[in-house]
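Got your viewer open? Here's a short walk through a few spots, one selection at a time.

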Amino acid sequence: MKTQVLKRAAAVSVVVGAIAAVALPLATRVGAQPPLIAGQTLRQVAAIALPGPPGRRFDYLTIDNEGRQLFSAHLAAGLLHVIDLRNNTVVASVTDVPGVEGVAYIGQGRKVYTSNWYENKIGVVDLGQMKVVKKIPTENKPDGIAYAAPFHKAYVSDERAKAVAVIDTREDRVITTLHFDSETGVPQYDHVARKVYVNLQDQNVLAVIDPGTDTVVGRYPVAGCKGNHGMAIDPERRRAFLSCEGNNLMAVFDLDKNQPVAFLPMADGPDVIRFDPGLDRIYAACYSGAISVFHQDDPNHYRKLEDFPVQHAVHSLVVDLETHRLYAPEQEEDHKPVARMVVYDAVTKPN
């Protein structure tokens, strides 16, 4: 099976290379930067020691841009770390979030939702008190969270329940649960189309939810992508970027035509994927020890810049859209246990 996957990935790589060869002259004519060479996309600038036991698995991160705080789920330690982005210091490590996976900043009420896998509940963290003030029951293994602010709702992928729980963020309660015939991957809210997308990772399908009615209004196959779990979106240019865990590809999906438009090879074990619209860059954290970095020349043309080497087991990251800095938690260094947040500057010009 692994051999077949590698052969497919190699074949896709050849196709992508041919597309890039055509796209690059066009990009150059309109004044785009020349492609970067390997090793020049990121530069480590800091490492922040994190409280809690070293060597324990981390998961999702998110940022409150207004308050300039980063929230990092330390899954196997049962902690939510809060980092001040203005000075890279840890201001709190919130307890009582067992098996925390997903995190979402809810601007209304200045709170954070945490997906607590080990107890199948959503924790409501009051940022004024820096503690959990309420818990909301879900079904089985709550994971990613998408916040649809105009609708005062959060959408939580109840992964093993094959469901999405819909939470009223004003009352902090589940108002409905949508069930599927597939485990659910990461959801995202599209503020342009005013829709919620969720990966149906067992079927390689992208489902669309109308948050006005909480009904599923579309299911679209992502042919060529196996195990679409991670997702980032570019709402303005109508694109979704999917991590295909089963065959180590990034799928670029047209959100208007509801079909994939490009596939690019990633390092082994891709998980969390993020998009920086200011730099037209996509980053994917890969468990094998790399961050795969891509450039969006235009909505139909993409280039892989490099597999930037990091420590093994780094599988999550977040981008600060104000500074273009990238944050990635590490649980080991050269196979020795650590607990730290590594900070990278984006490099945009060759040395």
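**Stop one: a glutamine in a strand**

Start by selecting Gln 296, which sits in strand β24, residues 290-298. Keep in mind as you click around that this is a predicted model.

Is Gln 296 buried or exposed? Its relative accessible area is 1%, and anything under 20% counts as buried, so Gln 296 is buried.

Now show side chains and look for polar partners. The side chain of Gln 296 makes a polar contact with the side chain of Asp 234, at 3.4 Å. Select Tyr 302 too: a polar contact of 3.1 Å joins its side chain to that of Gln 296.

Next, bring up the wider neighborhood. Leaving aside residues up to four places away in sequence, Gln 296 touches Asp 234, Arg 237, Arg 239, Phe 241, Phe 275, Asp 280, Ile 282, His 301 and Tyr 302.

**Stop two: the disulfide**

How many disulfides does the structure hold? Just one. Select Cys 225 and Cys 244 to find the pair, with sulfur atoms 2.1 Å apart. The link ties together distant parts of the chain, 19 residues apart: Cys 225 is in the loop between β17 (215-221) and β18 (228-234), while Cys 244 belongs to strand β19, residues 239-244.

Zoom in on the S-S bond and check the twist: the angle about it is -115°, and the link of Cys 225 and Cys 244 is left-handed. Switch on a surface and you'll be looking for two buried residues, Cys 225 and Cys 244.

**Last stop: another cysteine**

Finish at Cys 286. With a relative accessible area of 0%, Cys 286 is buried.

Note on methods:
Residues are numbered from 1 along each chain as its sequence is written. This is a predicted model: local features need pLDDT of at least 70, side-chain atom pairs count only at pLDDT 80 or more; totals for chains, interfaces and linings use all residues. Side-chain values use heavy atoms; hydrogens and water are left out. A disulfide is a pair of cysteine sulfur atoms within 2.5 Å. Helices (H or I, at least four residues) and strands (E, at least two) are DSSP runs, numbered from the N terminus. Buried means under 20% relative accessible area, exposed over 50%, partly exposed in between (1.4 Å probe, protein chains only). A polar contact is a pair of N or O atoms within 3.5 Å; within protein, one must be able to donate a hydrogen and the other to accept it, and residues adjacent in sequence count only if both atoms are side-chain atoms. Contact means heavy atoms within 4.5 Å.
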